[in-house]
Amino acid sequence: MNSGIDGAQPDAGAVRLLSLAVNGQRQQRAVAPDITLLDFLREQLGLTGSKRGCDLGECGCCAVLVDGRPMLSCLLPAADLEHSAITTIEGIAAGTALHPLQQAMIDEGAVQCGYCTPAMVINGVHLFASEPRPDAEAIRTCISATSCRCTGYNRIVQAFERTAERFAEEQP
Amino acid sequence: MNAPPARFAFERPASLAELVARLARLSADGGDYALAAGATDLMPQIKRGVKTPARLISLNGVPELAGVQARADGSHRLGALTRLADLAGDARLRQHYPALCAAAGRVASPPIRQRASLGGNLLVDNRCIHINQSALNRAVHGTCFKAGGETCPLVKSAVRGRLPQCQARFVSDTAPVLLLLDAVLQLVSPRGERQLPLSQFYRDDGMQRHVLASDEVLVAIELPAADGLRIDYDKLTIRRALDFPSLGVALGVRADSGGTLGELSLALTGIGTHPGCWRFAAAAYDNANAMLDAACAAARESATTYQQDFFPRDYRKRMIDVFIRKAAQRLGVAR
């Protein structure tokens, strides 16, 4: 499409225009070819809820939803996400109404330093959207994606269990 | 304000024809590029400076690489871009190839499986504690062939260019299961298309890991029907999530027409430079226990372990027997 007569793409190394949706808002920005989605969100859009931990795909703290699926934004070239819909932790609550999992994280004392919390919630939102009553194994698999160095994970598991109970009460 | 120069240029061809034309052009120019689907293996290596491609070519816009097709005869075609989470969760595929879906569901962590592809898992780079480290760590502990150096810290007698020059471990979780399933790879390059059995794909080296040409693309994985073949896959890891297998064992049992054990098959990952694969016909052995003993002996003898992993090499080697026999128990074979 943008190939020259000899098939070369002289613009491949240059800044490119990227258009995508972030938390329901359409964004059109110039991005470097090697910038990750995490850097794009934090540095160019000022959305600092997604955290940079290891920056290597191990700690999981940078998780966001890409077209509804949790992915690690530190591993995604932003230029590869043309026309995608991104949801960050900033887009999970509806105004001041928290997602039930967010409320449960507060109620159960599952938040200490808070660095892993956005990613725990992002993975959990996807879990509860696909499986409103996850069993203990599904909960543990879900949070296995994200390292927490404060809580010992028990409070986080309890918050997930509380959320599952709440969904069960709402739709018995 | 001057931004630092980009680490790589980025391209996203929109069809297989466009991709192959680009690869023909780029490889004629000496091609310093990397193909990326999920990029979950590539990006950490770029960030650590282990890989420095000048150009990243995304496969995510190529529709010919996507999708799963089931045929009436029970065979399947899995596009190389099939995401591991989709493979692990596909109800129809789980009926046909439950061990493949289970192995895909054991790779890395859930959000990585949402992005990482099956083709990428077959091509995942070999790992060694001497190179898969931070730049600082590599600088302190010296270099290796794969990092551009002139010695291998594991094998003092190794010579650059003489295979196996590098003992980095093969770590794909899906490859051993696909080997037992007799998977065939569909490969496309500027020279045309070829079908290559997975069993002929890998090489005994941690650097020159396979026979895929630099301008060749893995398009799809063809799987015959798995009638009568049951497979168990399990892996040795420190953590239950994230870790590459320090040892992975796929054990297959195929019933003959009478329903009794006809063939035992075994494939290993995580321990050598490439996946070992063996088959044992029941006719050649007195009973199932004798077949299992033969499988354990073959795997143990072939496994040349070096200290390229955090587990002690002797421990990993001894675990081969343990994993094979536990898999046999789960499959209901002997002991």
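## A five-stranded sheet and the contact between chains A and B

Let's start with chain B, where 5 strands line up in the order β4-β5-β8-β6-β7 to make an open sheet with antiparallel pairing. The two edge strands are β4 (68-70) and β7 (192-197) of chain B, and each of them pairs on one side only. Going from one strand to the next, the twist averages 20°. Keep in mind that this is a predicted model.

If you want a reminder of what holds such a sheet together, strands pair through backbone hydrogen bonds, either parallel or antiparallel.

Now look at the two ends of the sheet. At one of them, β4(B) runs antiparallel to strand β5 (residues 76-79) of chain B. Here B:A70 has B:H76 in β5(B) as its bridge partner. At the other end, strand β6 (residues 184-189) of chain B pairs with β7(B), again in the antiparallel sense. In this pair B:L185 stands opposite B:L196 of β7(B). The link from β6(B) to β7(B) is a hairpin through 2 residues.

Here are the two pairings side by side:

| Strand pair | Sense | Bridges |
|---|---|---|
| β4(B) and β5(B) | antiparallel | 3 bridges |
| β6(B) and β7(B) | antiparallel | 6 bridges |

Is the edge strand β7(B) buried or in the open? Of its 6 residues, the number buried is 0, so β7(B) lies largely in the open.

Next, the packing. The largest nonpolar core has 140 residues, and B:V177 and B:I324 are the ones with the most contacts inside it. Which element gives this core its largest share? That would be helix α3 (residues 117-130) of chain A, with 7 residues. Back in chain B, leave aside the neighbours of B:V177 within four places in sequence, and B:V177 is in contact with B:A99, B:L100, B:A103, B:I231, B:Y233 and B:A250. Another core lies apart from the largest one; it has 8 residues, including B:C144, B:F145, B:A168 and B:M207.

Chain B is divided into three pieces: domain 1 (1-62), domain 2 (63-123 + 169-223) and domain 3 (229-331). Measure from centre to centre on the C-alpha atoms, and domain 1 of chain B and domain 3 of chain B are 36 Å apart.

So much for chain B by itself; what about the contact with chain A? Chain B puts 30 residues into the contact and chain A puts in 27 residues. On the chain B side, at least two residues each come from β1 (9-11), α1 (16-28), α2 (42-47), β3 (55-58) and α6 (110-115). The most comes from α6(B), which gives 5 residues. Sorted by class, the side of chain B that touches chain A holds 16 nonpolar, 5 polar and 9 charged residues.

Finally, chain A. This chain has 5 helices and 5 strands, and along the sequence they follow the pattern β-β-α-β-β-β-α-α-α-α. The C-alpha trace of chain A spans about 65 × 35 × 30 Å along its principal axes. Of the 172 residues in chain A, 44% are buried. Among contacts in chain A with a separation of 6 or more, 57% are between residues 24 or more positions apart.

Technical notes. Residues are numbered from 1 along each chain as its sequence is written. Chains are lettered from A and ligands numbered from 1 in the order in which they are written. This is a predicted model: local features need pLDDT of at least 70, side-chain atom pairs count only at pLDDT 80 or more; totals for chains, interfaces and linings use all residues. Two strands pair if DSSP finds at least two bridges between them. Helices (H or I, at least four residues) and strands (E, at least two) are DSSP runs, numbered from the N terminus. Axes are lines fitted to C-alpha atoms, for helices over the stretch in contact, and angles run from 0 to 180 degrees between N-to-C directions. Two residues are in contact if their C-beta atoms, placed from the backbone, lie within 7 Å. Ala, Val, Leu, Ile, Met, Phe, Trp, Tyr, Cys and Pro count as nonpolar, Asp, Glu, Lys and Arg as charged, and the others, Gly among them, as polar. A nonpolar core is a set of buried Ala, Val, Leu, Ile, Met, Phe, Trp, Tyr and Cys residues joined through C-beta atoms within 7 Å. A residue is buried if 20 or more other C-beta atoms lie within 10 Å of its own, exposed if 12 or fewer, and partly exposed in between; C-beta atoms are placed from the backbone. Domain bounds come from an automatic or database domain assignment.
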